[in-house]
Amino acid sequence: MENALEQACLALSIPWTPFQLERALKTTGKPTKFADVAHGAVIIEYEPPKSFGGRAGSKASHARQQAEEYAELISAEEGRALQEYVLVAWDGAHVTFGKFEGAAATWEGVVAFDAFSADRLLAALKNDGRPLVHPQLLQALVGPDSEYGSALIPELYASICKADASPATSKTKMLFAEWRRLFSQVVGFQPAQMKKLLTRQEISHDQPYQENPAAYLFALNTYIAIIAKVVAACALPRASQDVLQQGVPIAQRLRAVETGELFEHAGILNMLSGDFFSWYLDDGDWPRYQPHLGALLGRLGGVDFTVSKKHADTTRDLFKGIYERFIPREVRHALGEFYTPDWLAEHGMDLMGWEPADSLTDPTCGSGTFLLEAIRRRRKACSGATAQSLLAGIHGIDLNPLAVLAAKGSLAVFLSPHLDPAQPIRLPVYLADAINPAAVDFFSNYSYMLHTEVGPREFSVPERMIAHPEFFRIFSKVRTLIDADYPAAKICSSIFFDLQSMGLDPSDIAIVSTTVANLVDLHDQGWNGIWCSILADRFAAGAIPPSSHVCGNPPWVKWSNLPKDYAQSIQQHCRGLGVFSTDKWVGGIESDISTVITYQAVKHYLAEDGRLGFFLPGSVFTTESSAGFRRFSIDNGRLPCKVLLVEDYQEIRPFDGVSNHATFLMVQRDAPTEFPVPYRAWVAGEDASPNLRTYASAEQFRLIAKRIDGIAVPVPGGDGMRPWLVGSVQDQEVFAKVFAAGAKPEYKARKGITTDRNGIFWVHATGQSGPGLVTVQNVADIGKTKGIPQVTANVESEHLFPLLRGRGVAPFNAVPEPELRILVPQRGMHGDPDLPAAFPQTFKFLNRFKDQLEQRSSLKRFQRGQAFYSLWSTGPYTFAPFKVLWREMGNSFAAAYIGSAEIDYAGEKTVIPDHKLYFIPVDSEPEAAYLTGFLNAPIIAKAVSAYAAQLSLGASVAEYLNIPKFDEGDEQMAAIGSIARDLTARSGNASPSDLALLDAQVRDLLAI
């Protein structure tokens, strides 16, 4: 029946855009349903031939009910009013039509499907058969994996690679080079998921994307940008040109979009300023793109872009949805971008107490979620608001050009009912770096160092110029004149009176003239393009007035994963903020970049006494590398900020596709933090599914989920910078005795051996080849390093030891690897310098891997100048008779102890822990048993887990805890040790009564 209907529509020139036959419809908390077919607002429920029997019996009733349910689900998805849907139930011989009146559907009788019924169905398809634009539809029709994306993206990639390899300068080459510089994060850092994406796309598109990942990402971004710009142009009210109009040359239609003229005519002046993605129109390979672009625009012609038909709140999801659905998850996650659902943004704004009269800045705005939430609240508070009043005091910044385009598109569509060409607006979203904004100097000039492919250039403009309403217009005029090849002197002459009218004095005008000369010089080198627009955005972002509120979800990226050039360029600035840890051994600057953005946002974008609310990784409250951040004191003490609240969503897992630990931090500027601070954890409600991660609103989230109120304080000692202890008031009273406030710890923990090349030092012992000699074979395929050869050789048994890995440690039970051994060519901190003479066989074996061993980061960073076979985190303590150990990573804290073990061909040897374990070295088993019992007592394990449940359980365990020094004459310590020895003998098989007895002994010891 569907095929016959398609032929009839095509014969009558009725648009045919069925959206996913057997279309899956999902709603929160309910099973997925499948609609037979949806033609825009026409919902057709097909039934088996003649099943109605010509009457409104049970079969027809069931079909009607199905159509009603599908209409309700599709309405929620695309935002169309329920009353606009045409309901059809059809068995081929008979048909029944229905519609919604209010919330209930009314149906006509079951009638024979005759010419009249056919005409009525075709008329409905003609009038309402085009689907209303929404992200899922666009993804299905023209997404990157559609036939259009699969055809066009490889062509774009090939052109980019060709331009990049050419010695000649072209617009394509220049824009790609500068985009790569701006956006190199995912180019320089490719986690496994990114590599899998490239491999998958290589197979799909038959292009060698892994040879030039940057070119693939630029091609993908260009394709998505084309879709986004065309959709934005089609969604404009009273557009001056229909870009989907057949018969008009494709290049002409797309140029009308790319120049921004369509948006200017609608009342938006800066929709496409600083756009990197219009190069394809001027590329020499345009003839290859043209047929694909023509087909793409033709496909979009079957979509209804009348956003006024959509519910107002659903329009804000259009460009956000395009960005989320079109950009592969692997790319977004490599960038540290995690989709903030609307309900979570709404909840964060509620926590901050943001009101429509307040101002707001999101310094890493992505697709504009928080900006749209603010505008939604303003529009709800004042139905007669103008576009200008809705945008007043709201600002967004992002360094990702495609995210800026998506945010602008979101704002443009959301504000479309308020646009007035007679009163044009500038969308307050800027392509700029929130960490390194343009800064004002003592002479009231804003300066910015722009790094380009032809070297760094510094540009300056007076502060009063940026504040003037004509600022962007003047920079746009300068760009036009530069593109027209005007010399600098002529450009300065052309804008002289404009500058005077802005109130600039001769010294100010001289500053502007120098900037113009720099821009012209770049142009003369063939490297101009879009610098005027980029600089205008950088200056405008730097000059954003401090806001009463800053809210957002900054990217979560470790410092080591940033592009090296970028990291070096901002490192000194970040040190000045005081955000880094001072402990180089825990990655002093391995802090998450979100912490840097937080400090910078408080300093630069937040008004005095203002509030900041950021979604941050929970690790910032617990890891050693975030100790500097936990000062909550910016510019090394000159600017305090007060933590008002932390909320924890680890159990909720609100970010789509990931289970990372999300928290919300709210601080107030210009006040010191006072502990304890409120710390709330959210978990799934008792009646809710544990997998429920999506909510219709913040109100529904707070109604369904369960909140657990607690407080947080730093582990005692450490000037408040230590990891936070989270628990109830009663828990904190216990923690105060469990942790040592200021006394020097009695014990020091050590890290297991770091080989940095397990595939070399981890071996199998295969036989004895002579006195004191063992034949070994390295386990070359273990670990992440590839290309290690497998070698069989003899080594001295002196250096062969039993190996204990993290997986071998459980409560009261440590079991060495049954087959693996570890080769340890030293007894101190560095490799034995006498190894070649004293142990020639071991040296010869390791020398075969010299090239690989010299490339180890631990050797370069911590043991420069030492023997190439030196092992890190090794010393006399590594060979202590007994060790009390715990795993560095784990869901919960647990300890065990071990001494020596018998191994083939080498006898009884001290067990050596690997780098996944931390341990306290001791000389006797009674002391080892005591420490193991103490650490495994439930009260102690809970205290450790309170600050490091899912993070690194390192040396801090011994440093922070109040562990009394072992005294063999102390009866309580002996009793604790006795329980631990018994449980160790039973391989850790502890009963609740065993743990209760142990807990009581430790409580007595600590006087709790």
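Strands are DSSP runs of at least two residues and helices are DSSP runs of at least four, both numbered from the N terminus. The views below show a predicted model.

**View 1. Ser444, a residue with positive phi in the loop between strands S12 and S13**. Strand S12 covers residues 439-440. Ser444 lies in the loop between S12 and S13. Its phi is positive, at about 65°, although Ser444 is not a glycine. Most residues other than glycine have a negative phi. Ser444 counts as partly exposed because its relative accessibility is 36%, and partly exposed means between 20% and 50%.

**View 2. The loop between strands S19 and S20, home to Asp670 and Pro676**. S19 runs over residues 662-669, and S20 over residues 677-683. Asp670 lies in the loop between them. Asp670 has a positive phi of about 70° and is not a glycine. With a relative accessibility of 29%, Asp670 counts as partly exposed. Pro676 is found in this loop too. The peptide bond that joins Phe675 and Pro676 is cis, with omega at about 0°. Most peptide bonds are trans.

**View 3. Helix H5 packed against helix H6**. Two packed helices are described by the angle between their axes and the distance between the axes. H5 spans residues 147-165 and H6 spans residues 171-182. Their axes are 8 Å apart and meet at an angle of about 95°. H5 is therefore roughly perpendicular to H6, since angles of 65 to 115 degrees count as such. From H5, the contact draws on Ser159, Ile160, Ala163 and Asp164. From H6 come Thr172, Lys173, Phe176 and Arg180. Three of the residues in this contact are nonpolar, two are polar and three are charged.

**View 4. Helix H6 and what covers it**. The 12 residues of H6 should span 16 Å at 1.5 Å a residue, and the end C-alpha atoms are 16 Å apart, so the two agree. The buried residues in H6 include a run from Thr172 through Lys173, Met174, Leu175, Phe176, Ala177 and Glu178 to Trp179. Their cover includes H5, helix H9 (213-235) and helix H18 (401-414). Strand S13 (445-452) and helix H23 (531-542) are also part of that cover.

**View 5. Helix H23, enclosed along its length**. All 12 of the 12 residues of H23 are buried, so this helix is largely enclosed by the rest of the structure. The buried set starts with Trp531, Cys532, Ser533 and Ile534. Leu535, Ala536, Asp537 and Arg538 follow. Phe539, Ala540, Ala541 and Gly542 complete the set. The end C-alpha atoms of H23 are 16 Å apart, in agreement with the 16 Å that its 12 residues should span at 1.5 Å a residue.

**View 6. Helix H4 crossing helix H12**. H4 (residues 135-142) and H12 (residues 286-300) pack at an angle of about 145°. Their axes are 10 Å apart. The crossing of H4 past H12 is right-handed. Leu138, Leu141 and Val142 make the contact from H4. Leu296, Arg299 and Leu300 make it from H12. Five of the contact residues are nonpolar, none is polar and one is charged.

**View 7. Helix H12 and its buried residues**. H12 has 15 residues. From its first C-alpha to its last it reaches 20 Å, close to the 21 Å expected at 1.5 Å a residue. Trp286, Tyr289, Leu293, Gly294, Leu296, Leu297 and Leu300 are buried. An α-helix has 3.6 residues a turn, so residues three or four places apart point the same way. The cover over the buried residues of H12 includes H4, H5, H9 and helix H10 (250-258).

**View 8. Leu351 of helix H15 and its contacts**. H15 runs over residues 342-352. Leu351 is buried because its relative accessible area is 17%, and buried means under 20%. Leaving out residues up to four places away in sequence, Leu351 touches Arg611, Leu645, Glu647 and Tyr649. It also touches Phe664, Met666 and Arg680. The C-alpha atoms of Leu351 and Asp609 are 16 Å apart, with their positions 258 residues apart along the chain.

**View 9. Tyr960 of helix H35 and its contacts**. H35 covers residues 956-960. Tyr960 counts as buried, with 1% relative accessibility. Residues up to four places away in sequence aside, Tyr960 touches Glu624, Val715, Arg722 and Pro723. Phe739, Ala740 and Tyr947 are touched as well. Gly718 is 242 residues from Tyr960 along the chain, yet their C-alpha atoms are separated by 9.4 Å.

Notes
Residues are numbered from 1 along each chain as its sequence is written. This is a predicted model: local features need pLDDT of at least 70, side-chain atom pairs count only at pLDDT 80 or more; totals for chains, interfaces and linings use all residues. Side-chain values use heavy atoms; hydrogens and water are left out. Axes are lines fitted to C-alpha atoms, for helices over the stretch in contact, and angles run from 0 to 180 degrees between N-to-C directions. Angles under 35 degrees count as roughly parallel, over 145 as roughly antiparallel, 65 to 115 as roughly perpendicular and the rest as oblique. Contact means heavy atoms within 4.5 Å. Ala, Val, Leu, Ile, Met, Phe, Trp, Tyr, Cys and Pro count as nonpolar, Asp, Glu, Lys and Arg as charged, and the others, Gly among them, as polar. A crossing is left-handed if the near helix is turned anticlockwise from the far one by less than a right angle, and right-handed if clockwise. The expected span of a helix is 1.5 Å times one less than its number of residues. Buried means under 20% relative accessible area, exposed over 50%, partly exposed in between (1.4 Å probe, protein chains only).
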